[in-house]
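This report describes a protein model and the ligand placed in it. The ligand site comes before the sheet and the loops.

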Amino acid sequence: MTSSRRTKLAVIGSGLMGSALARAFAAAGHDVAVWNRTPSKAKAVGGGTTAFESLVDAVSGRELVVVSVSTYAASAELFSSQAVASAMAGKTLVQLTSGSPADARSGLEWARAHGVDYLDAAILTFPAFVATDYATVFYAGARAVFDRHLETLQAIAKNCVYVDEKIGSAATLDCAILEAFYGGSLAVLHAAAMCQAEGLDPKAFFAQKNSFLGLISVTADAAQGMIENNDFTGQQCSLNTHVAAIEHIVRLSTDARISSRFPRELLENYRRALGAGLGEQELPAVFRTLKQD
Ligand code: NAP
């Protein structure tokens, strides 16, 4: 996708993600400066980008500065120098490094203190899918700043989602989705290990992908309504019954001598809801005990 407007921008960080972002901006016709702590990686980005050895030179004369490094602490260190901070004044910083909402709040504080417009962002894809329809980027911060840069930012993901003015909102949504991803993925892997340990080809489990994804989807929909109404009663399946099912998973894991850590952790969470007197309610009632934690 070629943008109608050629933006002068910098991408700070030439790791796997930063390199993909920089190449996508350049492919869309933007003028892209790249900088990396290890200069050889910046030079290797290619795709029509220009590598700089000095961070100040890389950001000078740029309207937009996109950061993708390992951590916010690394980013904060880079921008802590007075020379870099002065060169950033009047520009927009888009922080694409993954972090927590508290990280985003400290990023905004720094930006405000140095006259920098700030968007906190979270990218939900692998580098290979940057600039494709599978890439989504969540943005938090001032709506006007987002709108001003939207066309340029669409070079890395057509699906640019403005979440909220609250600066931590993109990181919050990212953490929420990642928790569902990592938790769900661990469950899938443990399930495959159970099958294998019991002599059942994991293929049989993976063939049922639509069954368990469907169950999660139905539960998420039900949970949304129940949380909204603060009413977890229903006629489908009580928490008491769910807990009995989880006990079978722990038993299978123990008998088959594979790790039972994950199902035991599940069981502990669900049992806590029984302890709170929620056993006759539906599965999403566990939400109440999580809030209490
Ligand atoms: P990566 O390939 O490991 O690259 C890390 C980058 O951070 C490198 O440019 C590295 O510079 C730089 N860096 C680390 N510590 C630094 C420091 N103290 N000072 C300056 N630069 C420092 O990681 P990545 O996959 O590109 O990830 C970058 C960010 O994107 C992370 O926040 C990650 O969570 C996020 N993200 C990645 C993916 C993905 O699939 N890869 C997906 C979504 C979000 P050197 O080359 O000098 O070491």
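## The ligand and its surroundings

The pocket that holds the ligand is the second largest one. The model is a predicted one. Two elements, α1 (16-27) and α4 (72-79), each give two or more residues to the shell around the ligand.

How many residues surround the ligand? There are 20, and the closest are M17, N36, T38, K41 and S98. By type, the residues of this shell divide into eight nonpolar, ten polar and two charged.

Polar contacts to oxygen atoms of the ligand include those in the table.

| Residue | Atom on the protein side | Distance to a ligand oxygen atom |
|---|---|---|
| L16 | polar backbone atom | 2.9 Å |
| T38 | N or O atom in the side chain | 2.5 Å |
| S98 | polar side-chain atom | 2.8 Å |

T38 and S98 are also listed with the closest residues of the shell. In the contact of T38 the protein atom belongs to the side chain, whereas L16 makes its contact through the backbone.

On its own, the ligand has 890 Å² of accessible area, and the protein covers 76% of this.

## The sheet

Strands of a sheet pair through backbone hydrogen bonds, in either a parallel or an antiparallel way. This model has an open sheet of eight strands with mixed pairing. The order of the strands across the sheet is β3-β2-β1-β4-β5-β6-β7-β8.

Why do β3 (50-51) and β8 (159-164) each have one side without a neighbour in the sheet? Both strands stand at the edges and each has a single partner strand, so one side of each is left free of a neighbour there.

Further in the order, β1 is followed by β4. Strand β1 covers residues 8-12 and strand β4 residues 64-67, and the two pair in the parallel sense over four bridges. One residue pair can be named here: the bridge partner of I12 in β4 is V67.

## Two loop residues with positive phi

Most residues other than glycine have a negative phi. Which value does phi take at N230? N230 is not a glycine, yet its phi is positive, at about 50 degrees. N230 is found in the loop that runs between α10 (209-229) and α11 (239-255).

R257 is another residue other than glycine with a positive phi, in this case near 55 degrees. The loop that holds R257 lies between α11 and α12 (261-275).

Terms used. Residues numbered from 1 in each chain as written. Predicted model: local features only at pLDDT ≥ 70, side-chain atom pairs only at ≥ 80, totals over all residues. Heavy atoms only, no water. Near = heavy atom within 4 Å. Polar contact = N/O pair within 3.5 Å; in protein donor to acceptor, adjacent residues only side chain to side chain. Areas by Shrake-Rupley, 256 points an atom, 1.4 Å probe, with all protein chains shown as cover. 1 Å grid on protein atoms, 1.4 Å probe; cavity = no way out; pocket = protein on both sides within 12 Å on 5 of 7 lines; lining within 4 Å. Sits in = over half its atoms within 2 Å of the grid points. Nonpolar A, V, L, I, M, F, W, Y, C, P; charged D, E, K, R; others polar. Pairing = 2+ DSSP bridges.
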